[in-house]
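This report follows the strands of one protein chain and how they are paired. Please keep the sequence and the structure at hand while reading.

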Amino acid sequence: QVQLAESGGGLVQAGGSVRLSCRASGRTRSRYVMAWFRQAPGKEREFIAGITWSASRIYYSDSVKGRFTISRDNAANTVYLQMNSLKPEDTAVYYCAANYGEHILISYDYWGKGTQVTVSS
């Protein structure tokens with residue numbers, strides 16, 4: 001199993017930037033995809049970015065494409081989400097997720113507890 005722990009959330013002004021980190025522990029020697037989701041108040045959780053082990057495939061949702069960048073450091077078992085040009089509608093709890101294998105757009109088995117990002121206008 002994989003355990004995930006997010007960090008880096010907080011309060012930021014519109015137009016600002018934040019970088020989230022998610023460190024994986026446990027059974028991390030097998031290849032696994034990692035992804036970021038978010039859930040805003042009163043809304044369903046949505047996929048926003050995913051990356052394969054080798055970073056050969058990366059997907060973004062239309063809502064964040066061009067503003068957010070996902071990356072990973074396998075030596076550190078960490079995935080990052082660089083969030084730029086933030087908008088108030090980006091306010092949400094951001095979750096890290098992982099799955100063994102190479103498929104990004106599937107349901108995920110392992111989840112972090114989430115980190116709050118609040119964007120003030």
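The model shown here is predicted.

**Strand β9 and its partners**

Strand β9 covers residues 92-100, and 7 of its 9 residues are buried, so the strand is mostly covered, where buried means under 20% relative accessible area. Strand β4, made of residues 32-39, pairs with β9 in the antiparallel sense, and 8 bridges join the two. Within this pairing, Ala97 of β9 has Ala35 opposite.

Strand β9 also pairs with strand β11, residues 115-120. These two strands run antiparallel and are joined by 3 bridges. Here Ala92 has Val117 of β11 as its bridge partner. A further pairing links β9 to strand β10, residues 110-111, again in the antiparallel sense, over 2 bridges. In that pairing, Ala98 is matched with Tyr110 of β10.

**Strand β5 and its partners**

Strand β5 spans residues 46-51 and is mostly covered, with 5 of its 6 residues buried. It runs antiparallel to β4, and 5 bridges hold the pairing. Ala35 stands opposite Gly50 in β5, while in β9 the residue opposite Ala35 is Ala97. Strand β5 pairs as well with strand β6, residues 58-60, in the antiparallel sense over 3 bridges. One of the bridges is between Ile51 and Ile58, the latter in β6.

In a regular strand, side chains alternate between the two faces of the sheet.

**Two hairpins**

Strand β5 takes part in two hairpins, listed below with a residue of positive phi in each.

| Hairpin | Residues between the strands | Residue with positive phi | Phi |
|---|---|---|---|
| β4 and β5 | 6 residues | Gly42 | near 75° |
| β5 and β6 | 6 residues | Ala55 | about 65° |

**A buried residue in a loop**

Asn77 belongs to the loop between β7 (68-73) and β8 (78-83). Is this loop residue buried or exposed? Asn77 has a relative accessible area of 17%. Because buried means under 20%, Asn77 counts as buried. Leaving aside residues up to four places away in sequence, Asn77 touches Cys22, Arg23, Ala24, Thr28 and Tyr32. Of these contacts, Tyr32 is one that also falls in strand β4, which covers residues 32-39.

Note on methods: Residues numbered from 1 in each chain as written. Predicted model: local features only at pLDDT ≥ 70, side-chain atom pairs only at ≥ 80, totals over all residues. Heavy atoms only, no water. Buried < 20%, exposed > 50% of the residue type's maximum accessible area, 1.4 Å probe, protein only. Helix = DSSP H or I, 4+ residues; strand = E, 2+ residues; numbered from the N terminus. Pairing = 2+ DSSP bridges. Contact = heavy atoms within 4.5 Å.
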